Amino acid sequence: MEQNEEFKIIDDKTFKDMCYGALNKLKEQQSYIDSLNVFPVPDGDTGTNMLLTLQEAVENLDKSKSKRIDKLTQALSKGALMGARGNSGVILSQLLRGLSEANKGNQVMDSQDIIHSLSRASKIAYQGVLRPVEGTILTVARKAAERAEELEETKDIEKILNEVIQAAHTALNKTPEQLPQLKEAGVVDAGGQGYLIILKGMLAGLTGKIEIVEEEEIKKTVTEQGEAEELKYGYCTQTLIEVKDRDVDINEIKEDIEQFGDSMMVVGDDDIIKIHIHTDHPGIILEYALKTGSLRDITIDNMRIQSAEMRKESEKQQQQEFEQIKEESQEKIVKNKKTTQMNKKIGIIAVAKGNGIKNILLELGVDLIIDGGQSMNPSTNDFVEAVKEIKQEKIIIFPNNKNIISAAKQAKSLSDKEVSIIETRTIPEAIAALLIFNDQKELDELKTIMEKETKQVKTIEITNAVKDSKVNGFKIDQEDVIGIVNGTIKAVGDDELDVIEELIDKEWECEDLITIYYGDGADFKEAEKIKDKFQEFSKDVEIEIYEGGQPLYPYIISLE
Amino acid sequence: MVKEINTELGKIFIAEEVIENIAGLSAMECYGLVGMSSKNMQDGIADLLGLDNVSKGVSVEIEEDEVKIFLNIVVEYGTNIYEVANNIIERVKYTLKNRVGIEVEDIEINVQGVRIGNGTE
């Protein structure tokens, strides 16, 4: 057949196609590879790292004008070297270096060169590490190379690649047997999977069977869905308002314009407010906005003539913009207006997220709050600034998260003031400590009694898993509800109430005060149900419910 | 010096050498690192050391609460040295934090040599 003829030799064009094929395939599977990571190690984003590395490699390949394979593979390898990201990226760059070395002096590539390339890639990759661990990308590369070496007689490159891919696949499926961590999590090695995908992509590029079909199909259904949605309001209207009068209440604006449309978003601070709404009367909205201040960046789109896809895209973009403004308008530092006027000897700084919780802390006498918490750690500099900001010379800091303690400590060493850090890991610990605060005591003495007090509190945090994993013998799927007691995962389930019930069962120790702080993703009614659950356990226990407004954790519960 | 960790039930002391060993071992898991070079700079020669001496090439400084680590390494020719060093820093930090509970303040990497692999058959 004519086609078979083609696959005996790889020329510059075919080689480039193979690389594009690999890049395409990897892009498609990137998040899948990421999801295979079992260890939350720094190199946790294997898929992303490999993709970024290969991307830079292919970009460099594109720059090369040469028609010779040796020059092209060299360009690819050099790009990978420069663009290597993470452990898996460095390994990939070495594999590609092997490819380049094997093709020195080659004008084109034949079946022998392919076999040589694969085995050279594996050898070079093994060289780069002191103690090669089996069950990783290295094993997969080696098995692929070994299979290739057996095929010396074969001239058809497509057949070789097919065989090699099969061998790589088998090797990949065996990685859980070689690495216990993989077995526990029930996955195959992420790097190995990446290599297999690259090989498959190369084969697809070689035969011209780049599977774009799938992608198109997916897109189609999305469009259909988009069109099926009925549009209630015709015009997407947005504007920025430069506020004249600083006392503008965002909630009031929300209430006033709500009646004119849907998909409303209003965010901002004292200086600038952004409004987005879908309405049939853009004029009314703009007139209204004019009352608040001067307008800029006005856009009005007729959504009925926008294609469904474009609409989706622009909505997504807007969403991001709003998130950003929201983030920025969350003030980094909140000062306590009441306590600044009092003549206190000791200043208190706390880290917190969520308006409800911040207010409670301010009520309890915290002088300054730094915005932050889980996954939003304030920097050392934020602490240094905060310490400077406070007029007192003696200062207590509540980090309220174990990842923030070290930044607070660093700030302590950088400051001339007398700073004492109470190593609180949760908000309830800080609240317990604040209740016994006494301005007349010495810092050292306060630290001792406060730390003792924090030990009396048990904190339950309810949150959702961001990815599949296995911890403490729990198998956790993405989106599962996780119950954390004093920083350790103690229960996992689908339903918040069930998880909380399980935790009460396990952790109940004659508590007499329970406080529930509900945050994003929960409301007062739901919190009442939890209260009932506790009441079932004990009739005497006193239970309080507060709106915490904290993100990520629908509930924070303290038991004392 | 030893690293002191206070817990509810008492104190834990971790010897410098333990930290050195763990830092050395976790660094060796990193791709691109092919050897540790002797920490004694006067030797001058970046001698390749085997597994039997994992803490060679690693030194630890403990001052009060702060732990600093110095690694003298040999990398494989053809790897992105910057990225390899970065990977090592992250890996060592992660391992010490999660396996030992030590927060490392600072990790310094000295690339003392580059090895040209003998992969030629």
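**Exercise 1.** State how many residues each chain gives to the contact between chain A and chain B, and describe the side of chain B.

*Solution.* The contact takes 24 residues from chain A and 21 residues from chain B, two residues being in contact if their C-beta atoms, placed from the backbone, lie within 7 Å. On the side of chain B that touches chain A, two or more residues come from each of strand 3 (33-36) and helix 2 (81-100) of chain B. Helix 2 of chain B supplies the largest share, six residues. By class, this side of chain B has six charged, eight polar and seven nonpolar residues. Here Ala, Val, Leu, Ile, Met, Phe, Trp, Tyr, Cys and Pro count as nonpolar, Asp, Glu, Lys and Arg as charged, and the others, Gly among them, as polar.

The model is predicted: local features need pLDDT of at least 70, side-chain atom pairs count only at pLDDT 80 or more, and totals for chains, interfaces and linings use all residues. Residues are numbered from 1 along each chain as its sequence is written, and chains are lettered from A in the order in which they are written.

**Exercise 2.** Compare the expected span of helix 1 of chain B with the distance between its end C-alpha atoms, and list its buried residues.

*Solution.* Helices (H or I, at least four residues) and strands (E, at least two) are DSSP runs, numbered from the N terminus. The expected span is 1.5 Å times one less than the number of residues. Helix 1 of chain B (residues 16-28) has 13 residues and should therefore span 18 Å, which agrees with the 18 Å between its end C-alpha atoms.

Its buried residues are I19(B), E20(B), I22(B), A23(B), G24(B), A27(B) and M28(B); buried means that 20 or more other C-beta atoms, placed from the backbone, lie within 10 Å of the residue's own. Their cover includes strand 1 (2-6), strand 2 (11-15) and helix 2 of chain B.

Technical notes
A residue is buried if 20 or more other C-beta atoms lie within 10 Å of its own, exposed if 12 or fewer, and partly exposed in between; C-beta atoms are placed from the backbone.
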